[in-house]
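Visitor: Could you take me through one part of this structure up close? I'd like to start with a pair of strands and then see where that leads us.

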Amino acid sequence: MLDAEFFDLTVVGGGPVGLAAAGAAAARGLSVLVVERFDFHGGHGSSGGAERQWRLQYAETDLSALTLHARTAWRDLAARTRRRVVHETGSLWFGDTTQSSSEGQIEAAVAVLDELEIAYQRVDNDELRTRYGFHDLPADYHGIHQPQGGVLDVAAARWALLDSAAGLGCALHSGETVLDIAPDGNGVTVHTDRGRYRCGHVVVTAGAWTPAVLDRIGVSVDLTLYELTQAHFRLRTDRDYPTWFAFQNATDTDSNLFYGFGRTPWADDDLVQVSPLFEADPIADPAAARRAPREHDLRRVTEWVRDHMPDLEPQPLHAGTCVAALPTDHGRQFYLGSAAGLVPDGERVVVCAGGWGFKFVPVFGEACVQLALDGRTRYGLERSGLTATSVTGATA
Ligand SMILES: Cc1cc2nc3c(=O)[nH]c(=O)nc-3n(C[C@H](O)[C@H](O)[C@H](O)COP(=O)(O)OP(=O)(O)OC[C@H]3O[C@@H](n4cnc5c(N)ncnc54)[C@H](O)[C@@H]3O)c2cc1C
């Protein structure tokens with residue numbers, strides 16, 4: 001048998017986080033291989049669609065601070081690749097300010113913004129209608145507007161990260177699936193459906209597929225997969241919106257959470273996204289996704305638009321879905337850590353998966369490489385690491 005080709009670092013999964021990790025490793029002089037089972041255009045995993053919310057407010061101080069690192073990293077990437085990802089169109093959070101959701105909680109986030117001296121404005125019920133165009137909301141709804149929040153251009157991010165990784169000499173293999181990773185005292189063997197590679201470290205950024213990749217070495221991350229609906233409505237006036245999220249009490253049938261965006265800054269059209277955030281009917285595997293919105297979601301988001309957003313046509317022009325991989329434990333936002341101490345030679349395996357992580361992509365990539373090479377990150381994300389309870393040794 002031919003000797004396996006050697007790379008200092010292999011990345012399993014060429015989504016945005018994997019590409020960011022590849023670029024960060026190559027920038028430190030490492031030889032890097034990225035193995036992606038589909039293609040680098042995305043859409044199969046959790047990075048489908050045109051836009052993602054960009055916000056500085058978090059209910060946790062370390063995560064808000066992390067957005068500031070991410071902002072610097074996105075700016076650096078934009079300067080290097082001439083592709084702008086972050087558009088600061090503002091971020092509006094409103095609703096019941098004591099209501100908690102997987103997005104956070106308004107009053108807790110306000111305390112963090114105060115602590116970090118990040119500017120924001122309070123928005124009262126009247127302004128939600130007159131200034132921001134949300135009508136007939138309950139009288140006790142109010143919120144905050146954070147002007148440096150906004151929207152992330154998903155395609156620009158992907159091209160910038162791909163460009164950067166390719167320019168730094170990373171080997172980019174699409175249409176190739178990693179079947180197995182096997183760390184040992186001298187390195188890691190990576191088996192794919194096309195062959196075998198040897199490397200010093202492996203970074204697993206396989207999104208919703210991460211549990212399947214890790215189970216083979218006896219480490220599990222506990223992710224729950226939801227196929228979320230994304231709907232687009234046509235504007236019928238000149239109105240524009242900031243990026244927004246409505247915090248509401250759950251109904252008997254769903255979480256009653258809705259979010260949306262303004263006009264797309266990088267495209268000259270009159271469509272805006274308004275979507276429900278209903279974490280319901282989890283799927284066992286990304287392959288189980290129906291690739292069609294749930295009727296319930298469509299009905300409810302249409303009702304929300306009809307009742308509160310009169311500047312939009314009442315029926316969506318288009319709706320699709322994307323699979324979110326969220327930590328089952330709502331107390332943690334994502335997994336980012338190495339398997340050091342969990343399995344033999346685990347320090348050679350680093351994992352980043354799950355959560356609302358698009359905004360953090362460049363710092364996640366860098367943190368993965370720091371964990372692999374330095375054993376720790378400069379971001380202090382220990383609480384997101386893999387824990388002893390993550391070790392199962394069993395296959396799902
Ligand atoms: C509807 C929706 C809305 C969201 N909104 C926001 C938001 O507003 N703000 C925010 O910050 N985040 C948001 N997120 C989360 C964010 O989109 C994800 O955190 C991010 O896109 C994940 O990127 P990734 O690179 O980790 O995963 P992915 O993009 O899923 O990439 C994983 C890659 O690994 C590949 N792969 C898997 N298994 C293998 C294998 N065995 N071998 C080779 N390759 C493999 C897959 O093909 C895939 O390309 C949202 C997610 C969804 C679904």
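Guide: Happy to. Keep in mind that this is a predicted model. Let's start with β3 and strand β8 (residues 150–153), which run antiparallel and are joined by 4 bridges. Within that pairing, glutamine 53 stands opposite valine 151 in β8. As a general point, strands of a sheet pair through backbone hydrogen bonds, in either a parallel or an antiparallel sense.

Zoom out a little and you'll find that the pair belongs to an open sheet of 3 strands, ordered β3-β8-β4, with antiparallel pairing. Its edge strands are β3 and β4 (86–87), and each of those pairs on one side only.

Now follow β3 over to the ligand. Gln53, the residue we just met opposite valine 151, is among the closest of the 32 residues that surround the ligand, along with Glu36, Ser47, Arg52 and Lys359. β3 (51–54) is also one of the elements that each supply at least two residues of the shell; the others are α1 (16–27), β2 (32–36), β13 (223–234) and β17 (318–327). The top contributor is β17, which gives 3 residues.

What about the polar contacts? Serine 47 has a polar side-chain atom 2.5 Å from an oxygen atom of the ligand. For glutamate 36, an N or O atom in the side chain lies 2.6 Å from a ligand oxygen. Glycine 357 joins in through its backbone instead, with a polar atom there 2.9 Å from an oxygen of the ligand. As for how covered the ligand is, taken alone it exposes 1,000 Å², and the protein buries 95% of that.

The shell itself is a mix, with 15 nonpolar, 12 polar and 5 charged residues. It also draws on two parts of the fold: domain 1 (5–47 + 155–221 + 331–390) and domain 2 (91–147 + 224–327) both give residues to it, so the ligand lies between them.

Since β17 gives the most to that shell, let's see where that strand sits. You'll find β17 at the end of an open sheet of 8 strands, in the order β6-β7-β5-β14-β15-β16-β13-β17, and the pairing is mixed. The edge strands here are β6 (121–123) and β17, each of them pairing on one side only. From one strand to the next, the twist averages 20°. β13, another of the elements supplying the shell, comes right before β17 in that order.

For a contrast with our antiparallel starting pair, look further along the 8-strand sheet. Strand β5 (residues 91–95) and strand β14 (residues 243–247) pair in the parallel sense over 5 bridges, and tryptophan 93 stands opposite phenylalanine 245 in β14.

One last stop is an antiparallel pair, strand β10 (residues 178–183) and strand β11 (residues 188–192), with 5 bridges between them. A hairpin of 4 residues joins β10 to β11, and alanine 182 has threonine 189 of β11 as its bridge partner.

How values were computed:
Residues numbered from 1 in each chain as written. Predicted model: local features only at pLDDT ≥ 70, side-chain atom pairs only at ≥ 80, totals over all residues. Heavy atoms only, no water. Near = heavy atom within 4 Å. Polar contact = N/O pair within 3.5 Å; in protein donor to acceptor, adjacent residues only side chain to side chain. Areas by Shrake-Rupley, 256 points an atom, 1.4 Å probe, with all protein chains shown as cover. Nonpolar A, V, L, I, M, F, W, Y, C, P; charged D, E, K, R; others polar. Domains from an automatic or database assignment. Pairing = 2+ DSSP bridges. Axes fitted to C-alpha atoms, helices over the stretch in contact; angles between N-to-C directions.
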